[in-house]
Amino acid sequence: MSEYRTERDTMGEMQVPADALYGASTARAVENFPIANRPLSPAVIHAFGHLKAACAQANLDLGKLDQKLADAIIAAANEVAEGKYDTHFPVDVYQTGSGTSTNMNANEVIASLANEKLGLGATTKAEGGVHPNDHVNMGQSSNDTFPTAMHIAGALAIAEQLLPACSRLEAALTDKAKAWDEILKTGRTHLMDATPIRMGQVFSGFSAQVRYVGRAVEMGQQVILESMPIGGTAVGTGINTHPEFAQKVCDALKQRSGLSFDESSNHPAAQAAKDVFVFAHGNVKTAAVSLSKIANDIRHLGSGPRCGIGELNLPAIQPGSSIMPGKVNPVICESVMQVSC
């Protein structure tokens, strides 16, 4: 059996790995961009799964897509969103600027999976089946789907990872602030002895920092949620898509995620610029600065334990030296600082 099969796109024939779910367009992109040999973040791939399922639902609701085909696309896209087929997304992170290669990768993989569910075999094109462009990509362009996938991935990462982590950290620091509120210590300025302060007050300051960080991150998430580019198609004018398509996609994404996605009030801005990501990133950077400061303070307070400040006993979670027995280092603090940088 051949290790490759022949697929066709608008530019002609391409050899595709026999077991690949993608087709000619993806294979051409893999050949064109052998740069970092690093595919896109799984978060963006999963976001494409959510997006393509929402688009199929919108097209079904608008009477543009047959129920049987829509059901197959949604089922296939759900599996992509769940991360079951990440290995079938090989296109390099450094690729054409519009993300056409990854959008077509998603279209082809979902079409193959959908056709397999329809009993037509795992093929990107089948008579009477799902077509990557005509059905999976219906009412869409790479120019609005890729930035939309960015919005989905960013909003989900903030909702599912960063904000819960901030809440857990704030609660843990608040617990320490309460537990240590009666412990009096030396306050310091310029690392030199100053006036007294309670250890609880120090940790209440850390807790407040994290609380403010959570608010800033939520603000960044909000601008991502309220400016979805989907529906702009090629250049932000919405050509070749239904005028209600974008909001229906956003409504479907709300149902899937519980997040309040909304169509952008200005598609040329949402599509041609990603200022909202600059804003959201700035707020995440604020979080990094705060965490770095907190970790560094804890590292200083735990220094010693005999010949340093030694006011905190940091948990010994691994040996701190390959040559000095019994040495313990503030490894978590330093790891947090490195990640923050």
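**Reading salt bridges, core and backbone**

Mentor: Let us open with a salt bridge: the side chains of arginine 188 and glutamate 311 meet at 2.8 Å, N to O. The term requires a side-chain nitrogen of Lys or Arg within 4 Å of a carboxyl oxygen of Asp or Glu. The pair links distant parts of the chain, 123 residues apart, with arginine 188 in strand β3 and glutamate 311 in the loop between α10 (275-301) and α11 (331-340). Helices (H or I, at least four residues) and strands (E, at least two) are DSSP runs, numbered from the N terminus.

Trainee: On what basis should these values be read?

Mentor: This is a predicted model, in which local features need pLDDT of at least 70 and side-chain atom pairs count only at pLDDT 80 or more, while totals for chains, interfaces and linings use all residues. Residues are numbered from 1 along each chain as its sequence is written, and side-chain values use heavy atoms, with hydrogens and water left out.

Trainee: Are arginine 188 and glutamate 311 buried or exposed?

Mentor: The classes rest on relative accessible area: buried is under 20%, exposed is over 50%, and partly exposed is in between (1.4 Å probe, protein chains only). Arginine 188 has 28% and therefore counts as partly exposed. Glutamate 311, at 25%, is also partly exposed.

Trainee: Which residues are linked with this pair in a network of salt bridges?

Mentor: The network of salt bridges comprises Lys185, Arg188, Asp193 and Glu311. In total, the structure holds 14 salt bridges.

Trainee: How should I read other pairs of this kind?

Mentor: In general, side chains of opposite charge can pair when their charged atoms come close. Here, arginine 198 and aspartate 181 form a salt bridge at 3.1 Å, N to O. The two partners come from distant parts of the chain, 17 residues apart: arginine 198 belongs to strand β4 (residues 192-198), and aspartate 181 to the loop between α6 (142-179) and β3 (184-189). Arginine 198 is partly exposed at 32%, and aspartate 181 is partly exposed at 30%. A further salt bridge joins glutamate 7 and arginine 5 at 2.9 Å, N to O; both glutamate 7 and arginine 5 are buried.

Trainee: How is the nonpolar interior described, and how many residues has the largest core?

Mentor: In soluble globular proteins, nonpolar side chains tend to be buried together. A nonpolar core is a set of buried Ala, Val, Leu, Ile, Met, Phe, Trp, Tyr and Cys residues joined through side-chain atoms within 4.5 Å. In this model the largest such core has 79 residues, and those with the most contacts inside it are Ile73, Ile152, Phe203, Ile230, Val249 and Phe261.

Trainee: With which residues is isoleucine 152 in contact?

Mentor: Contact denotes heavy atoms within 4.5 Å. Beyond its neighbours within four places in sequence, isoleucine 152 is in contact with Ala47, His50, Leu51, Met228, Leu253 and Phe261. Isoleucine 298, in helix α10, is buried at 14%. Excluding residues up to four places away, isoleucine 298 touches Phe203, Phe206, Leu312, Leu314 and Cys333.

Trainee: How may a single helix be checked, taking α4 as the example?

Mentor: The expected span is 1.5 Å times one less than the number of residues. Helix α4 (residues 100-117) has 18 residues and should therefore span 26 Å; its end C-alpha atoms are 26 Å apart, which agrees. The helix is mostly covered, with 15 of its 18 residues buried. Asparagine 103 lies in α4 and is buried at 1%. Its side chain makes a polar contact of 3.2 Å with that of threonine 145. Such a contact is a pair of N or O atoms within 3.5 Å; within protein, one must be able to donate a hydrogen and the other to accept it, and residues adjacent in sequence count only if both atoms are side-chain atoms.

Trainee: What should I look for in the backbone?

Mentor: Most residues other than glycine have a negative phi, and most peptide bonds are trans. Asparagine 37, which is not a glycine, has a positive phi of about 55 degrees; this residue is in the loop between α1 (24-32) and α2 (42-61) and is exposed at 68%. Leucine 191 has a positive phi near 70 degrees, lies in the loop between β3 and β4, and is exposed at 60%. Glycine 119, which follows α4, has a positive phi near 80 degrees.

Trainee: Which peptide bond is cis?

Mentor: The bond from glycine 304 to proline 305 is cis, with omega near 5 degrees. Proline 305 is placed in the loop between α10 and α11.
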